[in-house]
Amino acid sequence: MTDPVSLAADVLKGHRASIDRLDAILVYTLGERFQHTQAVGKLKAEHDLPPSDPNREADQIARLEDLAKEAHLDPEFAKKFLNFIIAEVIQHHKKHQS
């Protein structure tokens, strides 16, 4: 019979493996997302479009809040996370404008 500490260690190991896998998915997904936003930034610069689109950003935040609720993720956390990403994207877009 296995003791409770060993069983807990095995469960913990499984959770950590899942977390590591999900972290990799997040990083690769963000990398792909930023490839697209870099392309958008270049396109905006080429056509003298503003680096920020407040209407699009508001729509995206509302959509992400809905997705967060469906995923049982704190919508406020999701909103802060997307706002962080949007701010980074806008900075990239401004660099393309220069």
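A helix here is a DSSP run of H or I at least four residues long, and helices are numbered from the N terminus. With that in hand, we can place D48: this residue sits in the loop that joins helix 1 to helix 2. Keep in mind that what you are looking at is a predicted model.

**Two loops, two odd angles**

Let's stay with D48 for a moment. Its phi is positive, about 55 degrees, even though D48 is not a glycine. Is D48 buried or exposed? The cut-off for exposed is over 50% relative accessible area, so D48, at 66%, counts as exposed.

Now move along to the loop between helix 2 and helix 3, where you'll find H72. H72 isn't a glycine either, and it has a positive phi of about 60 degrees. H72 is exposed because its relative accessible area is 77%.

That loop between helix 2 (54-70) and helix 3 (75-97) also holds L73. With 40% relative accessibility, L73 counts as partly exposed. L73 also belongs to a nonpolar patch on the surface, together with F77 and F81. Taken together, the three have about 270 Å² of accessible area.

**Checking a few helix residues**

Three residues inside the helices are worth a look, and the table puts them side by side.

| Residue | Place | Relative accessibility | Class |
|---|---|---|---|
| Q60 | helix 2 | 13% | buried |
| F84 | helix 3 | 57% | exposed |
| H92 | helix 3 | 16% | buried |

Why does H92 count as buried? Buried means under 20% relative accessible area, and H92 comes in at 16%, so the label fits. Q60, in helix 2, gets its buried label because its value is 13%. F84 lies in helix 3 and counts as exposed because its relative accessibility is 57%.

It's also fun to set distance along the chain beside distance in space. H92 and V40 are 52 residues apart in sequence, and their C-alpha atoms are 9.9 Å apart. Q60 and R16 are 44 residues apart along the chain, with 31 Å between their C-alpha atoms. Then there's F84 and L73: 11 residues apart in sequence and 17 Å apart in space, C-alpha to C-alpha.

**Where the open space is**

How do you find empty space in a model like this? Rolling a probe the size of a water molecule over the atoms shows where empty space is left.

The largest pocket holds about 370 Å³ of space. Which residues lie nearest its centre? They are T29, L30, L64, F81 and I85, out of 16 residues in the lining. Helix 1 (4-46), helix 2 and helix 3 are the elements that each give two or more residues to this lining. Helix 1 gives the most, with 7 residues. Sorted by class, the lining of the largest pocket has 11 nonpolar, 2 polar and 3 charged residues. You've met one of these names already: F81 is part of the surface patch with L73 and F77, and F81 is also among the residues nearest the centre of the largest pocket.

The second largest pocket has about 270 Å³ of space. Its lining is made of 13 residues, and R33, T37, R56, V89 and H93 lie nearest the centre. Helix 1, helix 2 and helix 3 each supply at least two residues of the lining here. What does this lining look like by class? The second largest pocket is lined by 5 nonpolar, 3 polar and 5 charged residues.

Definitions and conventions:
Residues numbered from 1 in each chain as written. Predicted model: local features only at pLDDT ≥ 70, side-chain atom pairs only at ≥ 80, totals over all residues. Heavy atoms only, no water. Patch = residues over 30% accessible without salt bridge, like charges linked within 9 Å, V, L, I, M, F, W, Y side chains within 5 Å. Areas by Shrake-Rupley, 256 points an atom, 1.4 Å probe, with all protein chains shown as cover. Salt bridge = Lys/Arg side-chain N within 4 Å of Asp/Glu carboxyl O. Buried < 20%, exposed > 50% of the residue type's maximum accessible area, 1.4 Å probe, protein only. 1 Å grid on protein atoms, 1.4 Å probe; cavity = no way out; pocket = protein on both sides within 12 Å on 5 of 7 lines; lining within 4 Å. Points joined across faces, edges and corners; volume = space filled by probe spheres on them. Nonpolar A, V, L, I, M, F, W, Y, C, P; charged D, E, K, R; others polar.
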